[in-house]
Amino acid sequence: MQEPTSLRFLGAAQTVTGSTFLIQGHAGRVLIDCGMYQGSRELRRRNWATFPVAGHDIDAVVLSHAHLDHCGWLPRLVRRGFNGPVHCSPWTAKVAAIVLRDAAHLQEEEAEYAALRGYSKRRPPLPLFDTTDAERAISLFRELDHGALKQIAPRLSVRLHRAGHILGSSTVEAQAAGRTVVFSGDLGRDSHPLLNPPDPLPEADVVVVESTYGDQVHGPRRADDIAEPIRSALAGELHLVPGKEESKRLNQPHRPSIIATTSSPGSNQRRRLRRPATSYTASWKPPTPCPTASTPSLAGAPSFLSTPSAF
Ligand SMILES: [Zn+2]
C-alpha cells in the first residue's frame, strides 16, 4: 500500500524561528525551509536536537528565503547526510551563501571562545556547523526562477512566487499527490521602494501562513526609511559601544567592542563581536563615503538595489 502523503511541522510551531516543514509519503520526502532556532538559550538548544529524518532520506530542500530562521540549519542537515538539491530563487542563492558563511564563522568563533573561557558543557565545545558544512550546503543550491514549475521528487513539484519580504524571497507552491500546499514564507508589504509586491497566492488545498505580524497593520515602506541606513552603512559607519560588562567578565581592561548592525539581511538584531575592537579595526577598510543628500538617494549602492524589477 502506498504511504499517504502528509505534512509535518518540524519548527516554527509555538515560536517564530526554526521554520522547517516536511512533506513526506509516496509523493517524496521534501523539506520546505530548513531554519535555525534563534532567540533564547532554550530555543537555541533545539538546534542540537535529533532530527526525525535521516539526511540521506530527503529528496530535496526548498528555501523560501535567506534569513537564518529559514535556511540556517541547512549546513547541519548536510552534516547529517543530506546531499540532495536545494531549490531556491537565484537571489536567495546569492544572499543565503553570504548568510551561511557568516553563520558558520560565528559558530566557529563561538566554540573557540567557549573553549577559551570554559563555559560550555561540551568538551571540547563544538560549533553547530562549520565552514566546510556551509560550503557543502551552498554547493547544493539550484536556482529556480519565480513562476517556473519544477519536479523535485517522484510525485512532487514546486513553483516559487515572489513574497516581497527580502531579496529573492518566495512563497512556495508545492503540488504533491494531487493536492496543492502553499507555504507563504515571510510576506512583505504591498508597497516597497525596492521590492516587487508579493504575488497573489495561487489556488491551494492547504495554505501554511507565517503569522508573526498577523495582528498588525504595516503601512507602506518609504524610500526615506531605508535610504539613511544604506547611506550610513556605505559611509563605513560602525557603532562603537562600551563593553564594560564583558570586560569585567573577561577580567580584562575595558575596551570598546564593535557592534555589527545586522546579523542577517533584513534582521534588526545586533550582535556583539566577542573580540576586542582592535582585532577588527585592523582589517576594516571604510568605503568611499556616500554623499549625504537631503532627499533619499541610493547613489553608490550596489547595483541590485537600484534595479527592483530584477526581483
Ligand atoms: Zn524572513
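These notebook entries record what I looked up in a predicted model of one protein.

**Entry 1. Confidence**

I began with the confidence of the prediction. The protein has an average pLDDT of 78, and 75% of its residues score at least 70. I then noted the stretch 239-311, where the pLDDT is below 50. Beyond near neighbours in sequence, this stretch has 89 contacts in the model. I shall treat those contacts with caution.

**Entry 2. Overall content**

I counted eight helices and 14 strands in the protein. Of the 311 residues, 32% are buried. I also looked up how far apart in sequence the contacting residues are. Among contacts between residues at least 6 apart, 60% join residues at least 24 apart.

**Entry 3. The sheet from β1 to β6**

I traced an open sheet of six strands, and I recorded the order as β1-β2-β3-β4-β5-β6 with mixed pairing. Which strands stand at the edges? They are β1 (6-9) and β6 (141-143); each has a single partner strand, so one side of each lacks a neighbour in the sheet. On average, neighbouring strands here are turned by 25° against each other, direction ignored.

I next went through individual pairs. Strands β1 and β2 (residues 21-25) run antiparallel and are joined by four bridges. Within this pair, R8 has L22 in β2 as its bridge partner. Strand β2 is also joined to β3 (residues 28-32) by five bridges, again in an antiparallel arrangement. The connection between β2 and β3 is a hairpin of two residues. In this pair I found G25 opposite G28 of β3.

The pair of β4 (residues 60-62) and β5 (residues 86-88) runs parallel, with two bridges. Here V62 stands opposite H87 in β5. The antiparallel pairs and this parallel pair illustrate the mixed pairing of the sheet.

**Entry 4. The nonpolar core**

I turned to the interior. In soluble globular proteins, nonpolar side chains tend to be buried together. The largest nonpolar core in this model has 49 residues. Which residues have the most contacts inside this core? They are I32, V61, V62, C71, L74 and L100. I had already met V62 in the pair of β4 and β5, opposite H87.

Helix α4 (residues 90-117) gives the most to the core, with seven residues. I then followed L100 in detail. Leaving out residues up to four places away in sequence, L100 touches C71, L74, P75, A134, A137 and I138.

**Entry 5. Helix α5**

Two of the residues touched by L100, A134 and A137, led me to helix α5 (residues 131-139), whose buried residues are D133, A134 and A137. How are these residues placed around the helix? Seen down the axis of α5, the buried residues fall within an arc of 100°, so they line one face of the helix. An α-helix has 3.6 residues a turn, so residues three or four places apart point the same way.

The face turned away from the buried side of α5 carries the exposed residues T132 and S139. On the buried side, α5 packs against α3 (74-79), β5 and α4.

**Entry 6. The sheet from β7 to β11**

I traced a further open sheet, of five strands, in the order β7-β8-β9-β10-β11 with mixed pairing. Its edges are β7 (149-153) and β11 (206-208), each with a single partner strand, so one side of each is without a neighbour in the sheet. Neighbouring strands in this sheet are turned by 25° against each other on average, direction ignored. Three bridges join β10 (residues 179-183) to β11, and the two strands run parallel. In that pair V182 stands opposite V207 of β11.

**Entry 7. Two residues with positive phi**

I finished with the backbone angles. Most residues other than glycine have a negative phi. A12 has a positive phi of about 55° although it is not a glycine. A12 lies in the loop between β1 and β2. Is A12 buried or exposed? A12 has 21 other C-beta atoms within 10 Å and is therefore buried, since the cut-off is 20 or more.

A177 also has a positive phi, near 50°, and is not a glycine. I located A177 in the loop between β9 (170-176) and β10. With 17 C-beta neighbours inside 10 Å, A177 counts as partly exposed.

Technical notes
Residues are numbered from 1 along each chain as its sequence is written. This is a predicted model: local features need pLDDT of at least 70, side-chain atom pairs count only at pLDDT 80 or more; totals for chains, interfaces and linings use all residues. pLDDT is the predictor's confidence in each residue, from 0 to 100. Two residues are in contact if their C-beta atoms, placed from the backbone, lie within 7 Å. Two strands pair if DSSP finds at least two bridges between them. Axes are lines fitted to C-alpha atoms, for helices over the stretch in contact, and angles run from 0 to 180 degrees between N-to-C directions. A nonpolar core is a set of buried Ala, Val, Leu, Ile, Met, Phe, Trp, Tyr and Cys residues joined through C-beta atoms within 7 Å. A residue is buried if 20 or more other C-beta atoms lie within 10 Å of its own, exposed if 12 or fewer, and partly exposed in between; C-beta atoms are placed from the backbone. The arc is that of the directions from the helix axis to the C-beta atoms.
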